[in-house]
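Student: Got a minute to go through a model with me? I'd like to start with how two of the helices pack.

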Amino acid sequence: MAATAPTAAPAADARRRPARRHTRAQAAWSAFRHDKVAIVSLALLAIVVVACLIAPLLPLSPNATDVAHRLAAPSAQHIFGTDQLGRDYFARVLYGGRVSLLVGVLAMLTSLVIGIIVGTVAGLLGGIVDAILMRIVDVLSSVPWLVLVTVVSIFLKPGLTSIILVIGLFSWMEIARLVRTETQTIKERDFVQYAQLCGVSPARVIIRHIIPAALPTIITASTTSLASAIMTESSLSFLGVGVQQPMSSWGSMLQDAQQYMQNDIYMAIIPGLLIVIVIFAFNKLGNIMRVFADPQVMSGERE
Amino acid sequence: MAKYIARRLLIAIPLLLLISIIVFLLMRAAPYDAIDAMTTPKMSEETIAAIKAQYGYDQPVWVQYFAWLGGLLQGNFGYSIVTKSSIAEQLAVRIPNTILLVLPSYLVAYVTAIVLGLVAGSHRGSRLDHVIDGIASVLIAVPSFWLAMLLIFVFGYLLRALPIVGMQTVGDGSFVDVLRHYILPFVTLTIAFLPDNLRYVRSSTITQITQDYVMVQEAFGAKRAEIMFRHVCRNVLGPVLTRLGMALPMLVTGAIITETIFSWPGVGPYFMTAIKGMDYPIVMAILILSSTLVIIGNLLADVLNALADPRIRQGGAR
Amino acid sequence: MSTMLGSEFSRRSFIKGAGATAATALLAAMGISATDATFAFAGDGGKTFTYAIAGDPSVSPNVITTGDRFGLMTLKLVYSPLWMYNADGINYFLADSYDTSDDGKTLTVHLHEGVKWQDGEPFTADDVVFTYEAIESTETANQYSQLVYDQGKVEVKKVDDLTVTFTFPIAIANAAEMISQGFIMPKHLYEGVTDWEHNDVNNTPVGTGPYQLMEYQPGQYLRFEANKDYFLGAPHIDQVVFQIVTNENTGMQAIQAGEVNAWIGTPAEVQQMNIQGNGLTVTPYSEGRVAYLAINCNRVTNENVRKAILYSFDKPAICNAALLDPQYYDVEYTFLPTISEFYDADAVEKYDRDVEKAKQLLADAGQANPTFTIAYDSGNTLTETDALMMKEQAAEAGITLNIQAVDPTALSNTMLDDGGDYDMYFGGYIMGIDPTTFAPLFESDANWNYMHWGDAYPEIDELFAQGASELDPDKRKKIFSDLQAAVQNTGAFYPLYSNKRLLVTTSNVTNIQEAGLVPVYTFEDLSKLDMQ
């Protein structure tokens, strides 16, 4: 990024960008192609996501109880076994995954919006605004998230919306930091300075110029943010302050599984493994994206 | 230097006051108050008024705030709504238990992370690096509670090798017994703390190694070990050291999940019970305590940073 | 009747529904902290009985205001009551007998001779009078409503050192039950204490009971040592430890590993365990706890719609899903527990499942396919299962039930108020032996009438009043049968089951029957329990 020639005219810059994108994509693709772990994990991620998405179309009922066949081990009929009420665990895992992924995506979008606003405003305006905002970021990111999130959850009615909001509200700091740095670089460029000189409003500058330029960074950050949102949700649900019955997520399924672990360890293994796969894959994806965002960095070299 | 620290301290105090006001107002705004918990509909007006007076809820809000703040400064954190017990006394027992668990596991994770991170970073791209980085990226994706569950299943249920409840067996309580209880939560926490630090050390090592000065030194024929030890290590460890300061709040709230799973009698289960029972005074006390540690931790990090980098002392820039 | 703080209600006590009571520092003042904990005690090779309890006792234990299960269990070891009154009748402790006057108003109690407090002071009638007067002057006292009536207080008088009279302002049929269970505190130590919950005496309790509290580590354990001079004979076991295990799963593991000697489990948990392989014994016992579903009449105003909902449920299937095996529960059909001598299921409408009838009732009421919200206390797996089963069953009658998990404290508050946004919710109670003790749950203006039926059913109030003043046993039986039928006819109260508590013990624990299993305290007299 910083390597952009300072003398390049806006037009020239614009002309050059598609070409750069192309090489970036190529770099990312080649990084991906040579990383077997990435291929396998992304393939698994794709399978999990697709299965969760199409779950309602499948002949599965996650809520049909069958007490006579409770806690049945995995078999041909119930490939993941059944839970304590005889509900098909495969169906529950898929429906639980929908909740986990939905919360992850929406919480990530929430934190993205806040992070971008704070980051661009701080980066563009600088001075006292920047100092205050960054101080807030510092403090917020060092207060233990679990404490913050649980405290705030007291004030909200339990439900999906609150969990999404709570996670989103306390996970935007990293994105804000990245976007701020990016903004500081971009605003030095001629086309942005030119726009500002022409009296274009800061909001317009942000939307028209800064965000598009910072997009690769934002996309990269969002995959990492998605992974951590899924992790946060599952921890909260595991502690019993997240998703509530009758809805269940992978985290709350693990909470239930605690009680049945001794004889029915599959109940604990399956949702946990899915969490690991999904988070691992999103982190991998983030690393590959990073190559795309910043070709100087080879896969996974910088946090 | 003293001047720098004094200035940072002066900034910290209003910040702490601000936090205390926010926390206090938050709890006042809570949907369910302490009086609701202590009274029943059958009580007479006088009894309810007497209870309010006893706990100071008949005073104006600002009087209550200063009374609460004054109490805090004297180490009186108030009483639990649910159990009516003194919060300070509880914390005095529980915080040491938490520290006993968090401090050693954080330090072990920290030292391991530095060693592995330096090794991996300096042999970037090698098989060793791939293995270390691979382990870190897998561990980062493993929820600590799931890891704890697996450990409980294997060592508690399958092998029956280790106890999984609490800190000691009552009636035994020998050192060996405490140690046996200690192993699983300790391992869980160490693994939970490790990958973040490891990746941080590894990536800063890589950043350092690709710096021009290393190439220059190499060009001048310096030995690799010498470069690593003399320059890279020093430059990597500076920021890593400041991370230690930032980790201060961990001493209180660093093991909430792990403690809850293993029934470790620390702050974690106390906090979770308070959250679920809407026991605001406890939540408030822990929130204040951890934000204070955050501020102190940041201060500590800044000071460490300043000590490591003389330029900051003069400029005062962060 | 007594303190009531939640959907869980007990005459003797309020018992936490979720079981997770927060920790308390009742004896932190004893100077024990984790840092200076000496990790060795009981090195004398004596018998130690370790009982896993699910939480700390709440409120520094005192005989006046303590009302939670673990607080009462602690008190039961240290103090003694005059007598216990449970389903099996009266069991005397500090009293040897009592006489009732002809007008049924005065009880003359004869105290046990030669009882000493654990500090060596003699126990006398003065202590009894002191304790009961303290209760009567403390509105927040656990037993306050048993001793103070609209017509006046129970008058407690010392006749001589070993005789006390209790004079009730009105004749009541179950006077002996009203003064049962209350623990007596030492006058010579508590005289001058004004705040029952915050004082130094609570920290080093001195009672007349079989054990003395030696040590309390908040969040970890309470340790008791035998009172060799216990007036009913020296305890068999030298040391009792209440080990605090808040996590159910860790508790399951602890009993299987023999880390604790006794633990209370749910059927689902017991089924998971390797009972035989670990040489464990399971002893189910009834607490007479009735679990029920209450329909909020403020929101579901039509009686026939309420009945339609009840006809859509399959009670045996719900019980079976929640509690797995009929040996672990009794299906309940009236507000009285099946163990009550007045229980009469034949007199009441049982609402056996009838989906067609449910649909018909709804159609007649012009409310086909209605939607309701059913709330349960979050974290409670039993009510969660109940709710899930009900949702599925009601759907077959075209009724949509939305399940909502609510924080237990928040739920019991809205239930007390007007039921809030919920059309129905779960609760449970352990009341007394006499049916009149259930009045606070069902009378029209009763504070804890969670059905909120207002003045729609005056006949229920009348029957409670008749039952209280009637002294003839046969007539009482008839009155209470009618009462049970009247409550069921509201269609708002749906008793589910009376679940047994499963006491799991290690093989070396003996004399469980001699120690007696009773509601709330688990053991009626722990001094009789033994170990090999």
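Student: How are helix 11 of chain A and helix 6 of chain B oriented to each other?

Tutor: They are oblique to each other. This is a predicted model, so keep that in mind throughout. Helix 11 (residues 266-293) of chain A and helix 6 (residues 127-141) of chain B pack at an angle of about 125 degrees. Angles of 65 to 115 count as roughly perpendicular and those over 145 as roughly antiparallel, so this pair is oblique. Their axes are 8 Å apart.

Student: What hand does the crossing of helix 11 of chain A and helix 6 of chain B have, left or right?

Tutor: The crossing is right-handed.

Student: Which residues make that contact?

Tutor: Helix 11 of chain A uses A:V276, A:I279, A:F280 and A:N283. From helix 6 of chain B come B:S137, B:V138, B:I140 and B:A141. By type, six are nonpolar, two are polar and none is charged.

Student: Zooming out, how many residues of chain B are in contact with chain A?

Tutor: 36 residues of chain B, against 34 residues of chain A. Several helices of chain B each supply at least two residues to that side, including helix 7 (144-158) and helix 8 (175-209).

Student: Which helix of chain B gives the most to the side that touches chain A?

Tutor: Helix 14 of chain B, with eight residues. The whole side of chain B divides into 25 nonpolar, eight polar and three charged residues.

Student: And chain B by itself: how many helices and strands?

Tutor: 15 helices and zero strands. Of its 318 residues, 44% count as buried.

Student: New topic. Which residues touch the most other members of the largest nonpolar core?

Tutor: A:L254, A:I279, B:V283, B:I286, C:A52, C:A294 and C:Y425, in a core of 315 residues. The largest share of this core is 17 residues, from helix 3 (residues 89-125) of chain A. You have met A:I279 already, in the contact with helix 6 of chain B.

Student: Now the backbone. What is odd about C:N369?

Tutor: C:N369 has a positive phi of about 55 degrees, although it is not a glycine. It lies in the loop between helix 10 (355-364) and strand 18 (371-377) of chain C.

Student: C:T522 also has a positive phi; is C:T522 buried or exposed?

Tutor: Buried, with 22 other C-beta atoms within 10 Å. Its phi is about 70 degrees, and it lies in strand 24 (residues 522-523) of chain C. C:N369, by contrast, is exposed, with 11 other C-beta atoms within 10 Å.

Conventions. Residues are numbered from 1 along each chain as its sequence is written. Chains are lettered from A and ligands numbered from 1 in the order in which they are written. This is a predicted model: local features need pLDDT of at least 70, side-chain atom pairs count only at pLDDT 80 or more; totals for chains, interfaces and linings use all residues. Axes are lines fitted to C-alpha atoms, for helices over the stretch in contact, and angles run from 0 to 180 degrees between N-to-C directions. Helices (H or I, at least four residues) and strands (E, at least two) are DSSP runs, numbered from the N terminus. Angles under 35 degrees count as roughly parallel, over 145 as roughly antiparallel, 65 to 115 as roughly perpendicular and the rest as oblique. A crossing is left-handed if the near helix is turned anticlockwise from the far one by less than a right angle, and right-handed if clockwise. Two residues are in contact if their C-beta atoms, placed from the backbone, lie within 7 Å. Ala, Val, Leu, Ile, Met, Phe, Trp, Tyr, Cys and Pro count as nonpolar, Asp, Glu, Lys and Arg as charged, and the others, Gly among them, as polar. A nonpolar core is a set of buried Ala, Val, Leu, Ile, Met, Phe, Trp, Tyr and Cys residues joined through C-beta atoms within 7 Å. A residue is buried if 20 or more other C-beta atoms lie within 10 Å of its own, exposed if 12 or fewer, and partly exposed in between; C-beta atoms are placed from the backbone.
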